[in-house]
Amino acid sequence: MSEPALRFVEPGSAEYDGERRLRWRVLRQPLGRPPGSELFPFEGECLHLVAVDGQGEVVGCVMFHPEGEGAGRLLQMAVAPELQGTGMGRRLVRALEARLRELAVREVTLHARAHVCGFYERLGYEAFGEPYEEVGIPHRSMRRALGDRAD
């Protein structure tokens, strides 16, 4: 089996629709949220990176929303359950960071579910501020400064 291909997609494309389905299935359905709850009003302003398997299925995704000069927020990171723990999440984050460097983004923040903070820490993100609740579960704010080259 070959590695899923990573590519940036636009809202309205078939792969974007697959991204939304994956985000709902992995991030919202387990919380009892209905389809559509994964949608943000600023989707059109975001970078959307997806991993697509050999059958054309979206099996991983991450979004980035610009939030000021040289900064923005990573959000809606999701990997199909059968691929979690395989390095897919790492590939997605590192590929997104490479694109952000090209766009002169220097700081990335995110709202991490508490149980995945270790994943982001291994990628160089640091928690800041107090823990809080979002979508009914514990979260931490995290951030990472992007240098001129990948780590």
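In the hairpin formed by β2 and β3, with five residues between the strands, Gly 56 adopts a positive phi near 85°. The model is predicted, so that local features require pLDDT of at least 70 and side-chain atom pairs count only at pLDDT 80 or more, whereas totals for chains, interfaces and linings use all residues. Residues are numbered from 1 along each chain as its sequence is written, and side-chain values use heavy atoms, with hydrogens and water left out.

Strands (E, at least two residues) and helices (H or I, at least four) are DSSP runs numbered from the N terminus; two strands pair if DSSP finds at least two bridges between them. Strands β2 and β3 run antiparallel and are joined by six bridges, with His 48 partnered by Met 63 in β3. Five bridges join β2 to strand β1 (residues 5–9), also in antiparallel orientation, and Leu 6 stands opposite Ala 51 in β2. Because five of its six residues are buried, β2 is largely enclosed by the rest of the structure; buried denotes under 20% relative accessible area (1.4 Å probe, protein chains only).

The largest nonpolar core (buried Ala, Val, Leu, Ile, Met, Phe, Trp, Tyr and Cys residues joined through side-chain atoms within 4.5 Å) comprises 35 residues. Elements supplying at least two residues each include β2 (47–52), β3 (58–66) and α2 (88–102). Met 77 is among the members that touch the most others; its contacts (heavy atoms within 4.5 Å), not counting residues up to four places away in sequence, include Leu 92 and Val 93. Both Leu 92 and Val 93 are among the buried residues of α2. Just after α2, Ala 104 takes a positive phi of about 65°.

Conventions
Buried < 20%, exposed > 50% of the residue type's maximum accessible area, 1.4 Å probe, protein only.
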